[in-house]
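Trainee: Can you walk me through this one?

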Amino acid sequence: MIGAGGHGQVVADVLMAAFRSGSADYPFGYADHDETLWGHMLLNVPVMGSIDDCASFLHDAIIVGVGDNRTRRRLFEAFSRSQERFVTACHPSAVVSANAVIRHGTVVCAGAIVNAGTCVGSNVILNTACSVDHHCRVGDYVHIAPGARIGGEVTIGDRALVGIGAIVLPRVTIGHDAIVGAGAVVTRDVPPNTTVVGNPARPLIR
Ligand SMILES: CC(C)(COP(=O)(O)OP(=O)(O)OC[C@H]1O[C@@H](n2cnc3c(N)ncnc32)[C@H](O)[C@@H]1OP(=O)(O)O)[C@@H](O)C(=O)NCCC(=O)NCCS
């Protein structure tokens, strides 16, 4: 796991649960920039050292477990250039349609649901108990936070964050790098780089 913080440990936990259910991938160790973590055990998994030294740690695949979308993308792109293999982590309690596509490096947390015809990009976080309904398009490096509900035929641009418990109505488009605030109800398209909050969701005026 690249990243040993809170989200990195969730990813480790998902991988361990999947391993107990028959997945071949086991979380062998973390790499993290925070040297105070090096040598520590987190969820019984060692922090092996710096992310910069990852190539020297025995591994056959990685997953980037960092919550911030832009940081996660930067790390994912850097490791892509060095030809790393990325695993996808899917908790055994998640329900993913056999007719959905989940691209590499994505984590599907406990209780998440992905319905038929949906395509989820690379290095996405589908967090605890979120649902993404049918025929959605979820871009790369997106984070759909715990309990968020995405209706059918929704499009979510790269690096967007849909906050905890938000609701996105069917056929809405959320632009790249947009943020949907926690608990928002999104009834209309959200332009790129825009933060919306409330019910109905409106741009956050500062
Ligand atoms: C919307 C959000 C991004 C705004 O964060 P921010 O830019 O730091 O804004 P602030 O906290 O300074 O709040 C600005 C104003 O918006 C209001 N506000 C913030 N979040 C809100 C929300 N989710 N719904 C309604 N109003 C909200 C604040 O009360 C404040 O109002 P005020 O100016 O009248 O006092 C953030 O509050 C949020 O909801 N993030 C989602 C977090 C999340 O779900 N992460 C996933 C973790 S797993």
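Trainee: Into how many nonpolar, polar and charged residues does the shell around the ligand divide?
Mentor: Ala, Val, Leu, Ile, Met, Phe, Trp, Tyr, Cys and Pro count as nonpolar, Asp, Glu, Lys and Arg as charged, and the others, Gly among them, as polar. Sorted that way, the shell around the ligand has seven nonpolar, five polar and one charged.

Trainee: Before we go on, what kind of model is this?
Mentor: Residues are numbered from 1 along each chain as its sequence is written, and side-chain values use heavy atoms, with hydrogens and water left out. Local features need pLDDT of at least 70, side-chain atom pairs count only at pLDDT 80 or more, and totals for chains, interfaces and linings use all residues, since the model is predicted.

Trainee: Which residues around the ligand are the closest?
Mentor: A residue is near the ligand if one of its heavy atoms lies within 4 Å of it. In this model 13 residues surround the ligand. The closest are Gly163, Ile164, Ala182, Leu204 and Arg206.

Trainee: How far is a backbone N or O atom of alanine 182 from an oxygen atom of the ligand?
Mentor: Look for polar contacts here, meaning pairs of N or O atoms within 3.5 Å. For isoleucine 164, a backbone N or O atom is 2.8 Å from a ligand oxygen. For alanine 182, the distance from a backbone N or O atom to a ligand oxygen is 2.9 Å.

Trainee: And how much of the ligand's accessible area does the protein cover?
Mentor: Accessible area comes from the Shrake-Rupley method with a 1.4 Å probe. The ligand on its own has 910 Å² of it, and the share covered by the protein is 42%.

Trainee: Which residues are the closest to the centre of the largest pocket?
Mentor: A pocket is an open set of points on a 1 Å grid over the protein atoms alone, with protein on both sides within 12 Å along at least five of seven lines, and lining residues have an atom within 4 Å of a point. About 370 Å³ of space lies in the largest pocket. There are 21 lining residues, and they divide into 17 nonpolar, two polar and two charged. The closest to the centre are Tyr26, Phe28, His59, Asp60 and Ala61.

Trainee: Which strands are the edge strands of the open sheet of eight strands?
Mentor: Strands are DSSP runs of E with at least two residues, and two of them pair if DSSP finds at least two bridges. The order here is E4-E7-E10-E13-E16-E19-E21-E22, with mixed pairing. Each edge strand pairs on one side only, and these are E4 (89-90) and E22 (202-203).

Trainee: Which residue in E16 does isoleucine 144 stand opposite?
Mentor: E13 (residues 143-144) and E16 (residues 161-162) pair in the parallel sense over two bridges. In E16, the residue opposite isoleucine 144 is valine 162.

Trainee: Why is one side of E5 and of E20 left without a neighbour in the sheet?
Mentor: That open sheet has six strands in the order E5-E8-E11-E14-E17-E20, with parallel pairing. E5 (95-96) and E20 (185-186) stand at the edges, so one side of each is left without a neighbour, as each has a single partner strand.

Trainee: Which residue in the turn between E2 and E3 has a positive phi of about 55°?
Mentor: E2 (residues 41-42) and E3 pair in the antiparallel sense over two bridges, and leucine 42 has valine 45 in E3 as its bridge partner. The two strands form a hairpin with two residues between them. Asparagine 44 is in that loop, with a positive phi near 65°, while the turn residue at about 55° is leucine 43.

Trainee: Which proline follows the cis peptide bond from asparagine 199?
Mentor: Omega of that bond is near -5°. The loop between E21 (195-197) and E22 is where you'll find proline 200.

Notes: A polar contact is a pair of N or O atoms within 3.5 Å; within protein, one must be able to donate a hydrogen and the other to accept it, and residues adjacent in sequence count only if both atoms are side-chain atoms. On a 1 Å grid over the protein atoms alone, a cavity is a set of points where a 1.4 Å probe fits but cannot get out, and a pocket is an open set with protein on both sides within 12 Å along at least five of seven lines; lining residues have an atom within 4 Å of a point. Grid points are joined across faces, edges and corners, and a volume is the space filled by probe spheres set on the points. Helices (H or I, at least four residues) and strands (E, at least two) are DSSP runs, numbered from the N terminus.
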